[in-house]
Amino acid sequence: MRKRAVREPRRLRINTAQGVGISAVSRTGSRPASFLFVHGLASNARLWDGVADHLASRGYRSVAVDQRSHGQSEKVDGPFDFATLSDDLLPVIDRFFPPGTAVVAAGQSLGGNVVLELAGRHPSRIAAVACIDGGFITLSRAFPDWEAAARELAPPSFDKVLFTELENKLRKRYSAWPENGVLGQLANFAVAPDGTARPHLKRDYHFRLLAEMWKHQPCEIAPLIQQPVLVIATTETPAGRAAKLESVSRFAHLLTRGRLIWLDADHDLHAQYPRLTAGWLEELARDVSP
């Protein structure tokens, strides 16, 4: 199949039922299946650019969102529970995907847990799910208590860090990544008037989201999901590799129609390997296309 000319993506804002403005980046396409992309904690929609561009060249429509209080979406004090985060996506689906569209919901890290929740709460809206190094995250099993989780997963401080210094560090760290992946990482920050880097997600919101992740139990949801679920997990992990292997395998075993792929990659594997990720997602889309 010849690649199609890709139009420039559009960024729009959609209001949720609670009146929260959700920023979304859309790409057009004519195929019957479409993609909804959801980022991870303290991340943003731009990390999906490489995947979305490749799928657009294959004729697929997609929408990538900035979750509430992330990226260019409205900054609110909450709530941040998973029911709310998943329900935030419903008006996005209504706005961009006509009735009858086979929607593949793909989420990375925290976003993987969100799209799993979405598929469980609204099964008629989601045809398939892709969990990109997420979906299986169960902090209450990974840490002995909430205090340990909060301590180990606390975000780094960026006080007095110039954006230019941060860019240099990120470009060095991700030197082997495609440019759109690096730009996606940089889009996690705004530039303050004094030139310093300012994370879009406030520190206290970060901890509130972590607290909701502590409560979330994806292994209780997994057996209820009847849609096909693709899990792509990385073997690279700051925690124990054996513990992650056990956790991911347990989650995948509970899925009725699950497929598990292991990849030696960064946690943001969709930004590191966008073409590879897009290929797996296209396979999933073909399975559910009408």
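These legends accompany close-up views of a predicted model.

**View A. Helices H7 and H8 pack at an oblique angle.**
Helix H7 covers residues 163-173, and helix H8 covers residues 179-186. Their axes come within 10 Å of each other. The crossing angle is roughly 140°. Angles over 145 degrees would count as roughly antiparallel, so the pair is classed as oblique. The crossing is right-handed. On the H7 side, the contact is made by Phe163, Glu167, Leu170 and Arg171. On the H8 side, Glu179, Val182, Leu183, Gln185 and Leu186 take part. By type, the residues of this contact divide into five nonpolar, three charged and one polar.

**View B. The buried residues of helix H8.**
Gly181, Val182, Gly184, Gln185 and Leu186 are buried in H8. Which elements do the buried residues of H8 pack against? They pack against H7, strand S7 (189-191) and H12. Val182, Gln185 and Leu186 are buried, and they also belong to the contact with H7.

**View C. His270 in helix H12.**
Helix H12 spans residues 269-272. His270 has 1% relative accessibility and therefore counts as buried. What does His270 touch, once residues up to four places away in sequence are set aside? Its contacts are Leu47, Trp48, Val51, Gln108, Ile132 and Thr277. Two of these can be placed in helices: Val51 falls within H1 (49-57), and Thr277 is one of the buried residues of H13. Ile132 lies within strand S6 (128-132).

**View D. Helix H13, residues 274-288.**
H13 has 15 residues. From first C-alpha to last, the helix reaches 21 Å. That is close to the 21 Å expected at 1.5 Å a residue. Its buried residues are Pro274, Thr277, Ala278, Trp280, Leu281, Glu282, Leu284, Ala285 and Val288. An α-helix has 3.6 residues a turn, so residues three or four places apart point the same way. Thr277 of this buried set is in contact with His270.

**View E. Ser34 in strand S3.**
Strand S3 runs over residues 33-38. At 0% relative accessibility, Ser34 counts as buried. Ser34 is in contact with Arg61, Phe97, Thr101, Ala102, Val103 and Val104, leaving aside neighbours within four places in sequence. Arg61 falls in strand S4 (61-65). Ala190 lies 156 residues from Ser34 along the chain. The C-alpha atoms of these two residues are separated by 30 Å.

**View F. Backbone features in three loops.**
Most residues other than glycine have a negative phi, and most peptide bonds are trans. Ala42 has a positive phi of about 65°. This residue sits in the loop between strand S3 (33-38) and helix H1 (49-57). Asp133 also has a positive phi, near 45°. Its loop runs between strand S6 (128-132) and helix H5 (139-142). Is each residue buried or partly exposed? Ala42 has 28% relative accessibility and so counts as partly exposed. Asp133, at 3%, counts as buried. The cut-off for buried is under 20% relative accessible area. The third feature is a cis peptide bond between Gly78 and Pro79. Omega there is about 0°. Pro79 is in the loop between strand S4 (61-65) and helix H2 (82-87).

Terms used: Residues numbered from 1 in each chain as written. Predicted model: local features only at pLDDT ≥ 70, side-chain atom pairs only at ≥ 80, totals over all residues. Heavy atoms only, no water. Axes fitted to C-alpha atoms, helices over the stretch in contact; angles between N-to-C directions. Helix = DSSP H or I, 4+ residues; strand = E, 2+ residues; numbered from the N terminus. Parallel < 35°, antiparallel > 145°, perpendicular 65-115°, else oblique. Left-handed = near helix turned anticlockwise from the far one by under 90°. Contact = heavy atoms within 4.5 Å. Nonpolar A, V, L, I, M, F, W, Y, C, P; charged D, E, K, R; others polar. Expected span 1.5 Å × (residues − 1). Buried < 20%, exposed > 50% of the residue type's maximum accessible area, 1.4 Å probe, protein only.
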